[in-house]
Every structure is written in structure tokens, then in C-alpha cells.
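Let's take a walk through this model together, one interface after another. Have the viewer open and rotate along as we go.

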Amino acid sequence: MKKLTYHNVCTRDCPASCRLLTEVQGGRVVDVKGDPLDTFTRGYICAKGYSYPERIYSPDRILYPLKQRKKGSGNWERISWEQALDEIANKFITISEGYSNLLPVCLDRYLGNLGILNLNVAAFFLSMAPITLMVGSPCVSAGTDGMTLNYGFCKKPVPEDMLNSKLIIIWGGNSAWTLPQQMHYIYEARKNGAKIVVIDPILTATAARSDIYVNIRPGTDGLLALGMAKILMEENFLDHEFMSGYTHGWDKYKDYLTTIDLEQISTQTNVPSAEIHKLACLYGNTKPATIWIGLGLQRSPSGGQNVRAIDSLAALTGNIGKQGGNVHHISYEVFMNAGELARLQLPWGLASMPEDLKNSFRTIATGRFAELNNLTPPIELLWIAGRNPVAQDQDSDTVKNTLKNIPMVVVADQFLTSSAQYADYFLPVSSSFEHEDAVISYWHYGVGLNEKAIEPLGESKSDFEIMKCLAKAIKKIQPGFTDFPIESDPRQCLHQELEPILKQQEISSIDKLRRQGARIQLSAVPWQDYSFPTPSGKYEFYSLKAMEHGLEPLPIPAQVTAKPASYPFRLMVVRNYATLNSQFYNLPNIRGLESNSTLIIHPETAAQKSLEHGDKVKVYNQLGEIEMHISVSLCLPHNIVVAYMGIPDNHGEVINTLFGLSETDLGEVVSGCKGLTFNDCFVNLVRME
Amino acid sequence: MNDKDFFTRLIYGLIEGKDLPYLAMKLAQSIERPVIITDNIHRILVFQNPSDLSHEINEFFPVPYFRINEEQLMQGDPTVLSQGQLESDNNSITYSYLPLQTAGKCLGYCIVLDACNSSISSDPTPLSEKDKTLIMQAAIALLLVLKNKREYSLGQEQFRDEFIRDVLYNNYDSKSNIYEKADLWHWNLQGPMVILVLECKLEKIRTARDLIPNSFNNQPPISAYINNQLTIILNMKNLKKRKQRTALNKFLSPYISQLEHYETGEIEIGVGSTVSAVTDLHLSYQEAKVALELGKVFNHRPICFFEEMGFLKFIFTQPAMELQDFSQRVLGPIIENDLETGGNLLDTLRSHIECKCQIGECAKALYVHENTLRNRIKKIEQLTGFDLRRVDHMVNVYIALQVLHLGIET
Amino acid sequence: MKSIFFEFNPNRCLGCRACQIACTVNHDLHSGIYLRKVTQVQYKSKDQIANYYLSLSCNHCANPECFRLCPERAYRKRRDGIVIQDDKKCKGCGVCTRACPFEAPVVNPKTGKTIKCDLCFDKLEEGDNPFCVASCPVEALTVYKRTTYEENPDLVKTLPGFPRIQITRPSIRYYPVKMGVQIGINLDYPKEVKEDE
Ligand code: SF4
Ligand code: SF4
Ligand code: SF4
Ligand code: SF4
């Protein structure tokens with residue numbers, strides 16, 4: 001049988017946004033591989049990407065609408081789309097009639113699928129009377145706020161700019177596992193003489209391949225940066241020209257730096273002061289030097305200030321605006337160049353919403369399910385799409401209870417996720433191989449068109465289709481209820497979205513994007529013009545805006561939280577190479593990589609608790625307990641235990657059960673609410689027979 | 001006969017398809033002495049007119065090595081001829097010889113014995129100038145033949161080696177296919193056979209191959225060079241089981257002394273079991289290779305018979321990780337202790353076993369007092385929890401040590 | 001005749017498992033059994049922690065035990081050194097899976113027969129790289145062609161963590177492990193878990 005090749009794009013919430021070549025035989029996806037023409041990835045995709053055929057045809061996939069008799073019972077019944085949509089549509093109407101507003105309707109969506117058309121889910125919910133929106137980002141908000149306060153906006157160099165660096169400091173990120181394609185550029189830079197430094201509490205795969213690895217106590221990154229700043233100042237590694245012309249608040253920052261005590265910083269960060277000194281001198285001496293701030297370090301109680309402190313190193317040494325210099329973190333610039341839908345890409349979307357519209361909505365910060373549970377008017381209908389809050393948000397038990405309390409919970413997904421288990425309706429979503437879409441990478445700005453390679457499996461539909469059908473069902477009952485365009489054609493919608501990009505690149509039609517892709521033309525090196533959209537128009541060491549948000553105007557980290565006495569181990573969740581948050585764990589090939597649900601512990605901990613590799617343990621704290629198998633590793637400090645993000649325990653309970661609600665210092669500036677921390681959770685463990 | 005004529009005749013003979021024996025015979029006739037041609041390892045290729053020689057001359061005729069100036073050889077300068085003497089129990093025989101050397105490589109020797117046909121005289125006159133000229137002329141022709149032969153056989157060898165490799169690695173579909181090809185080289189691959197695999201210094205493997213004795217059990221051994229090892233196939237036809245080992249030893253011991261003579265470095269030979277059909281040769285081959293590796297581990301040098309390895313061979317086909325875990329479990333405490341205290345209990349244990357658990361002997365070998373040794377052994381027993389006087393305990397320790405050894409060696 | 005070998009560079013490998021999954025999906029093994037496995041190696045080395053990955057499949061040994069012990073004579077070693085197993089001859093007895101010290105052959109539950117890395121020789125013959133090699137984003141895993149005489153003197157035959165049993169004489173070659181500087185690693189961790197103040 002003839003094989004046809006289609007062009008797809010991976011829609012996972014991953015910086016690589018790989019363009020894929022999909023081979024289809026007899027209407028079935030038989031092979032997925034990287035597209036060698038994709039400039040950034042050069043055709044290299046990750047283990048997840050190779051697993052797509054398995055994921056598409058997974059026996060776990062739900063292909064028909066389901067209704068659950070009692071939430072959490074697993075007592076599902078197959079129903080028709082008609083029934084599902086009618087019942088849900090009626091709920092909208094009843095709510096609107098009963099409350100004379102739609103605030104009891106709530107939407108919780110995020111980036112389970114990066115396809116632009118998925119933003120139509122948000123567009124649908126914005127097309128009616130104001131509802132309750134869950135806003136913010138459970139992922140990056142503290143870091144982006146930090147960047148925004150310092151620079152005025154979140155920009156970064158193109159990934160390939162690392163090739164020009166002579167020193168690359170990877171601070172709190174594990175590229176080897178989360179963005180392996182970038183390691184190619186890093187290794188190439190090393191070939192050209194660059195040194196690679198990794199700063200991380202864990203000796204990650206990336207750290208192990210570095211030239212210098214600095215083991216740091218979790219959450220104290222800002223302190224280390226302050227120490228380095230002090231040394232840069234004392235050893236006069238400062239770029240006075242840049243500092244005097246383009247920065248704000250150096251005098252105050254300088255005064256502060258003179259007061260800090262290096263020895264104290266050394267104790268707090270766990271890095272010997274001589275080494276801090278060497279590190280600072282290395283950074284001061286090497287030009288150009290770049291810092292890549294990973295997402296991990298900003299998920300801590302002072303994550304935002306930490307990012308600000310690290311940023312300040314680039315400003316002090318004049319690495320800003322230079323080829324091979326700057327700080328790599330996140331870019332929001334890219335979404336400015338797409339159409340309206342892409343701008344809805346949260347969290348940036350909310351901030352850019354017109355003020356009056358923003359005010360008419362009721363907003364709840366992401367993950368705050370306890371709050372959601374206690375509203376007047378209460379939530380009657382919760383729609384969850386591209387999101388798995390039970391596994392991803394803190395305090396899973398509270399999330400579950402909230403889901404149980406809400407009269408109608410609708411989950412649109414491909415699998416019966418841990419959140420879907422508390423849904424009343426499950427709507428089957430097609431995989432991105434089953435409908436057309438487009439993805440814009442927030443890392444390398446590539447724009448890829450995702451073709452429809454196969455027909456949707458079973459009765460599954462794209463999120464966009466589902467919204468259109470729901471709009472139709474509602475309009476049948478009450479025509480003026482929503483102005484969501486039910487006739488809107490995905491093609492046309494994509495065209496609208498990508499038009500600015502097509503124009504910029506002089507590409508005649510989106511079909512051209514299919515084979516060649518495109519990259520949004522942003523300056524390869526940001527801030528070359530030294531014009532910073534901050535209140536002072538300069539890079540801000542001292543930010544009044546930070547003060548407005550209740551923080552020190554200087555990048556001074558808050559005190560690190562103390563550990564509750566009875567829970568001696570810090571639990572950190574890190575990303576795994578083969579899973580993305582809670583996705584992919586259900587596939588046998590992925591599960592086979594780590595045959596059990598594992599907690600990684602230090603040999604000393606194992607000895608102390610009489611545990612051996614593979615033993616079963618109960619991991620517990622005040623919030624709950626889960627059951628995992630241990631694996632012993634030298635790569636983490638003895639007082640830390642590590643689990644993979646989103647991992648289910650032996651009974652499908654999620655690791656986030658153990659995380660209490662805990663906020664980062666920043667997040668509100670850009671995304672409207674504070675972020676969530678994932679490295680200040682403490683647990684204990686005990687052997688299970 | 002004019003000198004020129006002699007040379008022309010030799011070359012003409014070659015054109016007619018004559019070979020080494022012809023050249024040697026012509027030379028022997030012309031100078032009226034026995035002539036021996038050997039190859040580079042002194043194996044006799046031709047012996048012309050040996051009649052009435054009081055010496056018994058067998059496969060080899062070693063002569064002292066020296067290097068000549070090839071320019072002189074080309075110019076027929078007779079001063080390159082050397083003298084030698086072959087001693088035996090009751091008398092000795094002198095000879096003149098010449099290395100047949102080209103491009104720095106010695107391809108063989110031309111040896112002229114100072115003995116005459118007894119019918120003529122019993123006391124040979126020295127070589128005349130004319131004789132020497134003839135020898136020098138013959139040398140050129142001989143060199144030509146040897147060079148051709150060598151090139152041809154190298155080429156042939158490659159084909160044969162590949163063929164054997166295919167047979168041994170199961171790359172043939174049917175027996176008849178194999179026989180057909182083997183016939184090309186007049187090889188007999190029928191009947192029971194056994195495989196030997198030999199390792200020595202890599203740069204000497206060529207020599208080792210040349211040195212393989214001409215015959216085993218009245219058949220020429222077949223050899224091949226595969227994966228940096230020399231593989232030898234021996235035909236065991238009509239050899240009773242209990243005679244086989246003797247025959248092999250008889251074959252190997254002179255071979256090994258030859259190898260030692262040529263300084264081929266440490267030799268290790270693995271011997272597979274006898275298989276009855278060519279299609280099972282791969283088994284004997286794999287066994288021979290395993291035996292060779294096991295021989296290194298258990299110090300069965302230079303020959304290790306697969307069949308002698310008994311249960312040890314089972315142990316070493318266990319998953320490698322398990323073996324290492326086992327070794328680590330048994331010896332880990334000793335190794336850790338050594339690291340911590342800077343002691344050397346591990347070496348003590350090794351010596352203890354090497355000295356067959358004899359305290360006195362071992363103490364001497366280690367230069368320590370017997371009581372010191374006893375204390376160390378006690379410490380070892382404490383650390384490992386094994387009683388070294390018990391056979392079942394000792395077996396574990398012994399194997400763990402070998403596994404460790406195996407890891408270190410490579 | 002040149003032989004084909006895997007060469008592996010632990011100083012580049014990311015432990016990303018792309019090779020492992022690319023291999024398994026392209027062999028239609030969707031049940032968590034693998035022809036190639038990536039494993040982590042870690043140990044204390046002086047005052048540092050060695051931490052690297054090995055990506056291992058069949059080593060196409062010079063003395064393949066799989067081949068010696070298979071009762072069906074399903075194995076053979078090609079002239080280019082690749083050890084292959086003939087599906088048609090295999091009866092699924094599993095002897096080879098136990099014979100191989102590296103646990104390279106596995107029984108495919110779908111067919112009941114053994115399957116083993118064949119170095120993707122069909123891809124090599126077309127001039128392509130094996131699936132695993134082609135998927136490696138950083139060229140940590142590569143295939144090399146050379147005669148047995150031309151050993152690359154920079155490479156080694158084994159690394160800590162590789163099952164070191166040399167009886168089968170694996171053909172894979174490694175780059176020696178290089179270690180960077182590690183700061184703030186405390187190998188004399190306290191025997192009691194201290195408070196993380
Ligand atoms: S998850 Fe990331 S790296 Fe993997 S295929 Fe998708 S975009 Fe590429
Ligand atoms: S690794 Fe195992 S399966 Fe592969 S050739 Fe060696 S013994 Fe056979
Ligand atoms: S060479 Fe082919 S069969 Fe072998 S591990 Fe790689 S992909 Fe798998
Ligand atoms: S694909 Fe390459 S980098 Fe990734 S695990 Fe395999 S060998 Fe290592």
C-alpha cells in the first residue's frame with residue numbers, strides 16, 4: 001500500500017515545537033519522525049515525538065462522549081454527541097436564567113495543546129456574557145515578571161545565538177532532557193571554545209555534561225547571583241558605559257551589595273565563597289557570556305526576585321544587547337506577531353485585554369481551587385480543556401473536592417486523566433494528527449503548519465469543532481446567547497491568525513508553510529538599541545513597579561522557607577525526558593523506561609531508612625500520602641528527594657497531592673496572578689512491606 | 001656452460017612453468033652440492049640431492065638471521081654469501097647461505113650444503129668463484145618465484161579466510177555449498193573436526209600462521225585469520241576419543257616451542273570440542289574462543305580445552321551484570337575496607353588462594369608473618385561472612401575473585 | 001572487508017532515550033520491550049560523582065554466545081560483523097536471551113519469537129543510518145566501518161557500568177569518560193539527615 005507523507009507539528013507545551021513528517025498508510029499513521037528541513041531541530045525529535053503513533057492508537061484513548069454516573073466512580077456510560085451537547089447547552093441556559101449572569105460558568109484551559117486553533121476554546125467563552133476565568137500561569141509567571149520588571153518586556157536571543165557565546169551558564173534548567181536539540185548548539189559552542197557552566201541543586205544530565213557544575217541549595221539562586229554581583233563590582237568587571245547610560249538604580253543596588261556578606265551567602269547557597277569568587281570572575285572575564293535561566297528556578301518562593309538578581313549580572317557586565325550575550329528565558333515578543341487568537345495565549349492574553357472587559361469577568365488565579373470552591377455566585381459549570389489540574393496544580397485533594405462539588409464538570413481530552421475522573425462529561429478530542437492547525441514556537445519562533453494526516457478517530461473532534469458544535473446547540477435554544485462564529489472554517493481562521501506572519505515573510509499562502517515552515521523575524525539579538533520599555537526607559541536594577549507588587553525594589557530575594565520539623569526531605573519535581581507534565585505516562589513504551597512510579601533518593605537516605613533500590617515506600621506529609629518505588633541516586637543531595645513531574649503513584653494518585661498551595665513572589669505583573677512553587681515541599685518516607 | 005646461459009635457462013624454465021624444485025635442482029646439479037630452499041621461517045620448501053647425508057634433516061632448517069644489502073644481491077656480489085654450521089650429535093656440517101630478501105623483507109633462504117655426493121668425494125672442496133656466481137644468479141630467479149608465490153598465497157589466503165569465516169559464522173546455507181568451495185582448495189572438511197583458536201602478539205600472528213606444522217593426523221591443518229586471532233581446523237578422522245588429546249598435545253607442543261622461539265609473545269590457545277559435521281564447526285569455533293577467554297581468566301595457559309572448563313563455563317554465560325553484582329556482594333566489603341584503611345586484604349585473599357590455602361607458603365609469598373596472615377584471613381572472614389575453610393564458601397569467593405579479575409583485565 | 005561497529009560517546013549522551021524509543025517504535029514493539037536500552041551509570045570517583053549514560057543494544061560480538069547456544073542455528077554473523085538472527089528458524093525457545101551476557105535478544109510477545117538488534121543492516125545497505133543513530137540529536141551514538149586491524153587508539157573497549165564480561169568480545173567502542181569540575185558536592189554527607197535550614 002502506498003505511503004503518504006504529511007507535515008505535522010508537535011503540539012506539546014515544549015519549546016522545540018518540532019515539525020514532523022508523518023507517514024500514513026491505509027489511513028493509519030505508521031511512522032512519525034522529525035523533519036530535517038526544520039531549522040532549529042534539524043529533524044531531531046524526542047522520545048515523546050517518536051511515541052505519537054502509540055499515543056494516537058493507544059487503547060486508553062477515549063473515542064466517544066461519556067457521561068459519568070457519579071464523579072470518581074468510574075461508572076461511565078457512552079452517550080451521543082447530541083445528548084452531551086444538549087445537556088451541556090441546557091446547563092448554560094439554566095445558569096444564565098437562574099443567575100441572570102454567566103459567572104457560575106468557569107473555564108480552566110492551558111497549554112495541553114499548543115495549536116493556535118485551540119485558543120478558540122477561550123474565544124468561545126469570551127463570546128458570551130462575562131464568565132469566571134482561571135487566569136495566570138502555573139508555569140512561568142514569576143520569571144517573566146522578573147524579566148519584565150528589569151527590561152520592561154520579555155525578550156530573548158534566538159537559540160542559535162548561543163553559538164556565539166564563549167561562556168554559557170545554564171541556571172536551573174535541564175536542557176538535555178527538556179530541550180535536547182539545544183544541546184547541539186551548546187556542544188558546538190563548546191567546540192568553538194565556550195565553557196559550559198550548570199547551576200542546579202541536582203546533578204542533572206545537563207549538569208553532568210558541563211565543564212563546571214555548581215551544586216546549589218534549592219531556591220537560593222538569587223543569593224548566589226547577589227554574591228556574584230558583589231564580586232563583579234569589587235573586582236571592577238563592570239561595564240560603566242552601559243551602566244551609566246542605560247541602567248536605573250545602580251547607586252542603590254551598589255549600596256546594597258556593599259552590605260551583603262559573602263560568607264553568609266556561601267552558607268545559605270551551599271557554594272564555597274572561593275568558588276563564588278571564581279565563578280563571578282569567569283563570568284566577568286569572558287565575553288560574550290550568556291545565561292540561560294531555566295524555568296525550574298523561578299518556581300520557588302522568591303523565584304521572581306531570583307530571576308531579577310541573575311538578570312542584573314548581564315546588566316553589570318554589559319552583556320545585554322550583545323551577540324552571544326544576554327539572558328535566555330522566555331519570549332513574549334513572538335505572540336505580538338500573530339493574529340488575535342495567539343494573543344489570547346495565556347497569561348499574556350489577560351494583561352492585554354481591554355480594561356472594561358477585564359473588569360467584567362471574574363478571575364480566579366490558576367490552581368486556586370479552594371477559592372473556586374467558595375464563590376458567590378458559586379461555580380455551576382466548569383469546563384476543562386488542555387489541562388489536568390488534579391495532576392498539575394497543588395494540593396490535588398482540594399482540586400478533586402472542588403471538582404466533586406461543582407454540579408457540572410466537563411473535561412475535553414484524549415484520555416481519562418486524573419481530572420477527567422472527576423468529570424460528569426468527557427468529550428473526546430482528536431489528536432493533532434487528525435485536524436489542521438498551526439504552532440508557533442516560543443523558543444525558536446518557528447511557525448509550522450500542522451496538516452490533517454488522518455481522519456479523527458472514532459467520534460473525536462478537535463477542540464475548535466467541539467466549541468462550534470456547542471455554540472450551535474446553544475444557539476438552537478437561544479440564538480443570541482453567543483456570537484461565536486459557528487460557520488467559521490478552520491482554514492480561514494488559520495489564515496487570519498497567520499496573516500501578519502505571512503505578510504512579514506512575503507509568503508503567498510499558508511500552504512507554503514507546510515513544507516518550508518517559517519520563522520517569525522525577531523531580532524536575533526534583543527536590546528541592541530538599549531531602549532527598554534520600563535518606567536525609567538532604562539534597565540532597572542531598582543524597580544518601583546516591584547514595590548507596587550509588595551516586593552523589594554532591588555532584586556533582593558525573600559527569605560527561604562523553613563522546613564516543617566517532622567518532614568525532613570525536600571521533595572522536588574523535575575521534568576522527565578519522556579513525559580510532559582502528566583502526559584505520556586500511560587504509554588507502555590514510555591512506562592517501560594522506568595518500570596515503576598519512582599521516587600529518587602540519596603543512598604544515605606536509603607541506608608537510614610533501610611531501603612534498597614526498588615523497595616516500596618509511603619511518601620507522606622500533612623497533606624496526604626502516596627506510594628512509590630524508590631530508586632537510589634548519587635546525583636542529588638541527601639536531604640532532597642525527587643520525583644518526575646505529573647507522575648502517578650502505584651495507584652494512580654498524583655504526586656501533587658503532597659504539594660500545599662504555595663505562591664511565588666511574582667507573577668501578577670504580566671499574568672495577573674502569582675505563580676506556583678514546586679520546590680519547597682517537604683515530606684517524609686517510610687518503607688512499605 | 002657460460003654463466004649467462006645458466007641464468008637464461010633458469011628463467012626459461014620458469015616461463016615453461018617450472019617451479020622452485022626445478023631451480024633448486026639446476027643449481028644443485030651445477031655446483032654438485034645439495035641445495036635447500038626454505039621460507040622465511042626456515043621451513044624447508046625444497047631439498048635437492050640430499051643423498052647420503054649423514055644428518056637427519058626434517059621440516060625446518062634454521063640458519064642465523066642477518067640482513068643483506070639488496071643492492072649487492074642484485075649485482076651478483078658473492079660476498080653476501082655467509083657461512084653456517086649445523087651441529088648434531090656426532091658430526092657437523094657446514095653450509096653457505098643467502099637470505100632471499102627484497103624490499104627489506106626476507107622471503108626465504110637459499111642454502112648450499114658443503115657435503116657432496118659420497119660417490120664423488122667425501123671431502124668437499126670450497127665453493128669456487130664460479131659456483132658462487134651461479135648461486136647468485138639462481139638467487140635472483142628464486143627470489144622471483146618466492147615473491148610470486150607469496151603474493152599469490154596472500155591473495156588466496158584472503159579468499160580462504162573469508163570462506164572459512166563464512167563457514168564458522170554460519171553464513172552458508174547447505175553442506176554441499178561448503179564442500180563445493182572446499183574442493184577448490186583440496187580441503188577435506190568431512191568427518192569429525194576440532195577447532196583451535198590462537199592469540200599472540202598481533203604483529204607476530206603472520207609468523208604464527210606460517211609456523212603451523214604441516215600435518216596433523218595425516219592431513220594438512222586448515223587455518224584462517226579472523227578477528228585478530230588465528231583459527232586452525234584439524235581433522236580428527238579415525239582418531240579414537242581417548243587418542244585425540246594425545247594427538248593434539250603432540251601436535252601442539254612442538255608448535256608452541258616454535259612459537260616461543262619466534263617470540264610471538266604470550267600465547268593463549270583455546271580448543272573447542274570435536275564435532276562430527278562441518279555444519280557444526282561453528283560450535284567448536286565458538287567454544288574454542290570461549291575457552292581461550294576462560295583460559296586467560298583462570299590462567300590455563302597456554303592451552304585451554306573447552307571441555308575441561310566444566311561448570312565454570314556455565315557461570316560465565318550468566319548475565320554480566322548479575323555476575324558483577326555477585327562479585328560486588330561477595331568482595332565489596334573487602335574492597336571498601338581496603339579503600340578506607342589503605343590495606344590490601346584483596347591481594348591477601350588472592351595469594352591465599354593461589355597458594356592453595358597453605359598458610360606457610362602464602363606467608364612467605366607475601367613476606368609477612370604467619371600470624372599476621374592468620375589475622376588478615378580472620379578479618380576477611382569477618383568482613384565477608386564466609387568461612388574460608390569450607391569448600392562451599394570458598395567456591396563463592398573464588399568465583400567472585402575471577403569475575404573481578406575478568407573485569408580488570410580488559 | 002570492513003566491519004561495522006557502534007561507537008558511543010558518554011561525554012555527549014544526554015540520556016534522552018530518543019534512540020531507545022525510535023528503535024522500538026520502528027520495530028513495531030509497542031509493549032515496553034526494547035532492542036536498545038539507555039542506562040544511567042553513577043559512582044563516586046575521588047571527590048566527584050561520575051554520572052553518565054550508556055545506550056546499549058547488541059554488541060555484535062566476535063564470540064557471540066547467542067550464536068553458539070541457539071539450538072536452531074538461527075544466528076549467523078555476516079562478513080561485515082553484524083550478528084543476525086533468522087526469524088524463520090527461531091522457535092522462540094529463549095536460549096539466546098539467557099545466553100547473551102548483555103540481555104540483547106528479547107522475546108517479542110507479539111510473535112513469540114526472539115528479536116534482536118540487527119544493526120539495521122537494511123538501512124545501512126541503503127546508505128542510511130540505523131534508526132537509533134539517526135535519532136540521536138548530539139551524535140553520541142554513531143556507527144563506524146573499519147577493519148579489525150584499524151582500532152582507533154583513542155577509544156576504549158569498556159567503561160565502568162558496561163557489563164565487563166569480555167568472553168564474547170563485544171565490538172562496541174567507547175570514548176573515555178571526561179569529567180568536568182564539580183563545586184559544592186559533599187560526598188562526606190552526614191550520617192544523620194541534617195535539617196535543611
Ligand atoms: S515534545 Fe518537544 S521535543 Fe518532543 S517532539 Fe514535541 S516539540 Fe519536539
Ligand atoms: S551482545 Fe549478545 S546477542 Fe549480541 S552478539 Fe553479543 S552475545 Fe550475541
Ligand atoms: S541498530 Fe536498529 S535494531 Fe539496533 S538498536 Fe539501533 S535501531 Fe534498534
Ligand atoms: S539519543 Fe543519543 S543522546 Fe539520547 S540517549 Fe540515545 S545516545 Fe544518548
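A salt bridge here is a side-chain nitrogen of Lys or Arg within 4 Å of a carboxyl oxygen of Asp or Glu. Keep in mind that the model you see is predicted. With that rule in hand, look at the interface of domain 2 of chain A and domain 3 of chain A: zero salt bridges are found across it.

Where do these domains lie in the sequence? Chain A is divided into domain 1 (66-139 + 341-432 + 456-504), domain 2 (157-329) and domain 3 (569-687). The centres of domain 2 and domain 3 of chain A, taken over C-alpha atoms, are 27 Å apart. Domain 2 of chain A brings 17 residues to the contact, and domain 3 of chain A brings 22 residues. Between them the two domains of chain A bury about 1,500 Å², with 63% of that on carbon and sulfur atoms. On the domain 2 side, A:Trp177, A:Ile202 and A:Arg299 lose the most area to domain 3 of chain A, and together they account for 43% of what that side buries.

What joins the two domains in polar terms? Between domain 2 of chain A and domain 3 of chain A there are six residue pairs in polar contact (both at pLDDT 80 or more). Two elements of chain A, helix H6 (175-178) and helix H14 (303-316), give two or more residues to the domain 2 side. H14(A) gives the most to that side, with three residues. By class, the domain 2 side that touches domain 3 of chain A divides into six nonpolar, ten polar and one charged.

Now let's move out to the interface between chains. Here 49 residues from chain C and 52 residues from chain A take part in the contact. Chain C and chain A bury about 4,200 Å² between them, of which carbon and sulfur atoms give 55%. The salt-bridge count between chain C and chain A is zero, while 18 residue pairs are in polar contact (both at pLDDT 80 or more).

On chain C, helix H1 (18-26), strand S2 (37-45), strand S3 (48-56), helix H5 (131-135) and strand S10 (181-183) each supply at least two residues of the side that touches chain A. H1(C) gives the most to that side, with seven residues. The side of chain C that touches chain A has 25 nonpolar, 15 polar and nine charged residues.

One last stop shows strands meeting across the chains. Strand S10 (residues 212-215) of chain A and S10(C) pair in the parallel sense over three bridges, and A:Ile212 stands opposite C:Val181 in S10(C).

Methods
Residues numbered from 1 in each chain as written. Chains lettered and ligands numbered in written order. Predicted model: local features only at pLDDT ≥ 70, side-chain atom pairs only at ≥ 80, totals over all residues. Heavy atoms only, no water. Contact = heavy atoms within 4.5 Å. Buried area = accessible area lost by both parts, 1.4 Å probe. Polar contact = N/O pair within 3.5 Å; in protein donor to acceptor, adjacent residues only side chain to side chain. Helix = DSSP H or I, 4+ residues; strand = E, 2+ residues; numbered from the N terminus. Nonpolar A, V, L, I, M, F, W, Y, C, P; charged D, E, K, R; others polar. Pairing = 2+ DSSP bridges. Domains from an automatic or database assignment.
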